[in-house]
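User: I should like to go through the reasoning behind several structural labels. Please set each value against its criterion.

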Amino acid sequence: MTQLQAAPLKTLSFSGAAVRPRHATATFRCSAAARSYSIALLPGDGIGPEVVAVAKDVLSAAGAKEGVELRFREMLMGGAALDAVGVPLPDETLAAARASDAVLLGAIGGYRWDNNEKHLKPETGLLNIRAGLGVFANLRPATVLPQLVDASTLKKEVAEGVDIMVVRELTGGIYFGQPRGFGTNDKGEEIGFNTEIYSVPEIDRIARVAFEVARKRGGKLCSVDKANVLEASMLWRKRVTAIASEFPDVELSHMYVDNASMQLVWNPKQFDTIVTNNSYGDILSDEASMITGSIGMLPSASVGESGPGLFEPIHGSAPDIAGQDKANPLATILSAAMLLKYGLGAENAAKRIETAVTETLDNGFRTGDIYSPGTTLVGCKRMGEEVLKALESQK
């Protein structure tokens with residue numbers, strides 16, 4: 001593994017600008033001090049292997065354009081790991097991920113494992129690798145590209161110009177809270193229970209990340225909670241409000257999650273940056289993705305206080321189209337761009353990928369999920385080839 005020992009204590013970098021956080025929060029590389037990096041590839045299940053294969057080629061080409069050497073190590077995870085070795089996240093996979101400079105994940109899960117016990121579900125592997133890497137901040141952009149505004153299910157005047165970043169807390173809340181499990185109530189009835197719990201440090205660190213993101217975007221942050229009902233949300237609102245004093249240049253607002261889910265559909269352009277807990281972020285980011293026209297277009301980055309980040313498309317494994325060359329690889333390709341930008345500090349290489357994707361869409365190429373009359377329908381491999389063609393034509 002090649003560690004960036006020469007890199008300074010990581011600075012937050014958004015929209016090409018870098019600022020040093022007041023407190024250690026999330027880790028982003030701010031300069032490509034080294035030019036050789038180790039990338040752990042976790043293709044996973046369903047369409048994961050298809051989209052990761054395309055993204056790997058694009059990553060290599062973009063890196064080569066900028067003199068960045070990328071070394072790849074492919075590991076098992078999810079259902080593929082269950083079938084091969086009996087667990088969703090083998091120790092070897094987690095070790096390889098930790099030893100890498102960045103991790104690119106495809107997708108995990110599928111119908112065939114739905115009836116497995118919880119510890120043997122592919123999704124458990126995803127939760128465990130997030131915890132194992134210590135990535136607590138998930139950045140999920142939802143931007144309506146001009147080329148795809150007609151693909152949105154919303155009216156053009158509602159969808160046009162939408163540019164939202166959802167900052168989701170990733171390793172706390174009800175997905176990880178204890179106690180949890182099954183039991184029996186005082187009537188002898190079987191019950192299932194989970195615990196929504198957050199500590200002050202957990203809230204403070206994700207709030208600071210969100211404020212930094214908002215500061216480098218439109219200067220507006222909306223914190224989403226359910227503070228009218230839930231104690232965990234009451235503490236959330238209290239701490240986010242307190243952290244706001246450190247960022248007087250950012251306008252803070254609060255919104256209940258039920259209202260936020262409605263407002264995202266009714267008037268999405270009112271939002272710039274949203275910060276919320278694990279479960280609400282899971283739901284709202286998927287909702288925001290559909291404003292863009294397809295979940296197959298949206299990347300994400302998950303980062304922690306140290307170590308490699310985890311970069312993945314927000315779509316699922318889509319087992320119904322797996323192996324049919326129908327998947328949209330653009331979300332994974334754009335996740336690769338985020339990997340270069342936020343994981344390795346190779347912003348020029350990341351920009352090359354983003355520009356190539358835009359050019360490919362300008363040229364009218366579409367996978368089935370974003371197809372409209374008058375455009376050219378292509379499969380996963382062909383879309384990747386067109387992005388590579390656009391990339392290689394760059395000076």
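**Labels and their grounds**

Analyst: In this predicted model, Leu76, Val85 and Val87 make a nonpolar surface patch of about 220 Å². Val85 belongs to helix H2, residues 79-85.

User: What makes Leu76, Val85 and Val87 a nonpolar patch?

Analyst: Membership requires over 30% relative accessible area, and nonpolar side chains, including Val and Leu, are joined within 5 Å. Leu76, Val85 and Val87 form such a patch, with an area of about 220 Å².

User: Why is Lys341 called buried or exposed?

Analyst: Buried means under 20% relative accessible area. Lys341 has 15% relative accessibility, and therefore counts as buried. Lys341 is part of helix H10, residues 330-343.

User: What makes the pairing of the Lys341 and Glu354 side chains a polar contact?

Analyst: The criterion asks for N or O atoms within 3.5 Å, one able to donate a hydrogen and the other to accept it. The contact between the side chains of Lys341 and Glu354 is at 3.3 Å.

User: How do you know whether the span of helix H11 agrees with its number of residues?

Analyst: The expected span is 1.5 Å times one less than the number of residues. Helix H11 has 16 residues (347-362) and should therefore span 22 Å; its end C-alpha atoms are 22 Å apart, so the two agree.

User: Which residues of H11 are buried, and how do you know where they lie around the axis?

Analyst: The buried residues of H11 are Ala349, Ala350, Arg352, Ile353, Ala356, Val357, Thr360 and Leu361. They cover an arc of only 165° around the axis, so they are on the same side of H11. The face turned away from that buried side carries Asn348, Lys351 and Asp362, which are exposed.

User: Why are Ala318 and Asp325 given the label they have?

Analyst: Partly exposed lies between the limits of 20% and 50% relative accessible area. Ala318 is at 23% and therefore counts as partly exposed. Asp325, at 31%, is partly exposed as well.

User: What is notable about phi in Ala318 and Asp325?

Analyst: Phi of Ala318 is near 45°, a positive value in a residue other than glycine. For Asp325, also a residue other than glycine, phi is positive and near 60°. Ala318 is placed in the loop between strand E14 (309-313) and H10, and Asp325 is likewise in the loop between E14 and H10.

User: What kind of peptide bond joins Gln178 and Pro179?

Analyst: The bond is cis, with omega about 5°. Pro179 sits in the loop between strand E7 (163-169) and strand E8 (181-184).

Conventions:
Residues are numbered from 1 along each chain as its sequence is written. This is a predicted model: local features need pLDDT of at least 70, side-chain atom pairs count only at pLDDT 80 or more; totals for chains, interfaces and linings use all residues. Side-chain values use heavy atoms; hydrogens and water are left out. Patches are made of residues with over 30% relative accessible area and no salt bridge: like charges are joined within 9 Å, nonpolar side chains (Val, Leu, Ile, Met, Phe, Trp, Tyr) within 5 Å. Accessible areas come from the Shrake-Rupley method with a 1.4 Å probe; for residues, only the protein chains shown count as cover. A salt bridge is a side-chain nitrogen of Lys or Arg within 4 Å of a carboxyl oxygen of Asp or Glu. Helices (H or I, at least four residues) and strands (E, at least two) are DSSP runs, numbered from the N terminus. Buried means under 20% relative accessible area, exposed over 50%, partly exposed in between (1.4 Å probe, protein chains only). The arc is that of the directions from the helix axis to the C-beta atoms.
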